[in-house]
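Subject: Structure for your review

Hello,

Here is the structure we spoke of handing over. Please look at it alongside the notes below.

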Amino acid sequence: MIPLPRVAPGVAFSPIPIRRGMRVFVLTGAGISAESGIRTFRDAGGLWEQHRIEDVATPEGFLRNPPLVWRFYSERRQQAGLVSPNPAHHAIARLGDFLGEDLFVCTQNVDPLHERAGARGVLHMHGELLRTRCSGCDRPSFEDDRAYLDRPPRCECGALLRPDVVWFGEIPKGMDQIGAAVASCDLFVTVGSSGAVYPAAGLASHVRNFPSVRTGRFARTIYVGLERPENAHSFDECRLGKAGELLPDLFKLEG
Ligand code: APR
């Protein structure tokens, strides 16, 4: 039987030894950016307390009221220009410098803070705030930090442009790559995610239930965040505390 997770304040645990060649999967959620001043979704005062998900984060909401949806994401774009990465983003970038391609960083966040900390190859499974795409044609998405507060922009093809983010009811990006990285990791770490939104919340459970296809051994699964996530049963350990305080000492990089 799979044992229950050990849930305790982060300081009660030892750092995780990281050797070169170890495959590490890091999944981040809104909690990692909270200390940079970006609001989470489901905490008190979170974004979904002030807006209806159906209105601003579904394809149907966009069809009903494009100006409202663009205002919502434009305000997030304006905020993104003002924020900086915190020690948690920097700790993950340092881990990437040490492990190279053996680190797979997958974020549910649409903000650019991992990249601003120097992380490379981050997979934004829920898209990127600072990119725009067409809702009608297959023109590739493009970098765009403009705010459209009054009139939603249109593509050359005539259809409305939309933020290149993944809304509820849409398929997250990069699922093949994510599946391959999950199946072959030696360590799986989630940082700051309530574990309420699938498929992201199901990744830890996969790792805990199936051995690595590469080594045949089970990977360790670790959660780091303010409180016990909804999918706590999928982790060996839940280390409770702020990401910016726990991440800098979470990994012990060994030569
Ligand atoms: N350090 C670590 N964790 C924190 C911090 C912090 N400083 N502050 C808050 N948290 C934790 C909260 O306790 C909560 O469990 O971060 C988590 C944030 O959860 P959510 O707001 O639900 O965000 P997330 O899990 O990333 O949401 C997933 O849902 O709404 C959609 O597409 C949106 O990508 C998002 C997805």
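The notes that follow cover the ligand site, the enclosed space, a pocket and the salt bridges.

Please keep in mind throughout that this is a predicted model.

Ligand site

The ligand has 24 residues around it, and Phe41, Arg42, Trp48, Ser193 and Ser194 come nearest. By class, this shell consists of nine nonpolar, 10 polar and five charged residues.

Three polar contacts to ligand oxygen atoms can be listed:
- Ser194 places a side-chain N or O atom 2.5 Å from an oxygen atom of the ligand.
- Arg42 has a polar side-chain atom at 2.8 Å from a ligand oxygen.
- Gly192 takes part through its backbone, with an N or O atom 3.4 Å from an oxygen atom of the ligand.

The protein buries 95% of the 730 Å² that the ligand exposes when taken alone. Two elements, α1 (31–34) and β10 (220–225), give two or more residues each to the shell.

Enclosed space

There is one cavity of 30 Å³ or more. The largest cavity holds about 60 Å³ of space. Its lining is made up of 13 residues, and those nearest the centre are Thr190, Ser193, Gly195, Ala201 and Asn231. Ser193 is thus on both lists: it lines the largest cavity and is among the residues that come nearest the ligand. No charged residue lines this cavity; eight of the lining residues are nonpolar and five are polar.

Second largest pocket

The second largest pocket has a volume of about 200 Å³. It is lined by 14 residues, with Gly100, Glu101, Leu103, Arg120 and Gly121 nearest its centre. The elements giving two or more residues to this lining are α6 and β4. Of these, α6 provides the largest share, at four residues. Unlike the cavity, whose lining has no charged residues, this pocket has three, together with seven nonpolar and four polar ones.

Salt bridges

The structure holds 15 salt bridges. One of them joins the side chains of Asp102 and Arg23, with an N to O distance of 3.6 Å. The two partners are 79 residues apart, and the pair links distant parts of the chain. Asp102 is in the loop between α6 (87–99) and β4 (103–107), while Arg23 is in the loop between β2 (16–19) and β3 (24–28). The elements on either side of the Asp102 loop, α6 and β4, also contribute to the lining of the second largest pocket.

Regards

Key
Residues numbered from 1 in each chain as written. Predicted model: local features only at pLDDT ≥ 70, side-chain atom pairs only at ≥ 80, totals over all residues. Heavy atoms only, no water. 1 Å grid on protein atoms, 1.4 Å probe; cavity = no way out; pocket = protein on both sides within 12 Å on 5 of 7 lines; lining within 4 Å. Points joined across faces, edges and corners; volume = space filled by probe spheres on them. Nonpolar A, V, L, I, M, F, W, Y, C, P; charged D, E, K, R; others polar. Near = heavy atom within 4 Å. Polar contact = N/O pair within 3.5 Å; in protein donor to acceptor, adjacent residues only side chain to side chain. Areas by Shrake-Rupley, 256 points an atom, 1.4 Å probe, with all protein chains shown as cover. Salt bridge = Lys/Arg side-chain N within 4 Å of Asp/Glu carboxyl O.
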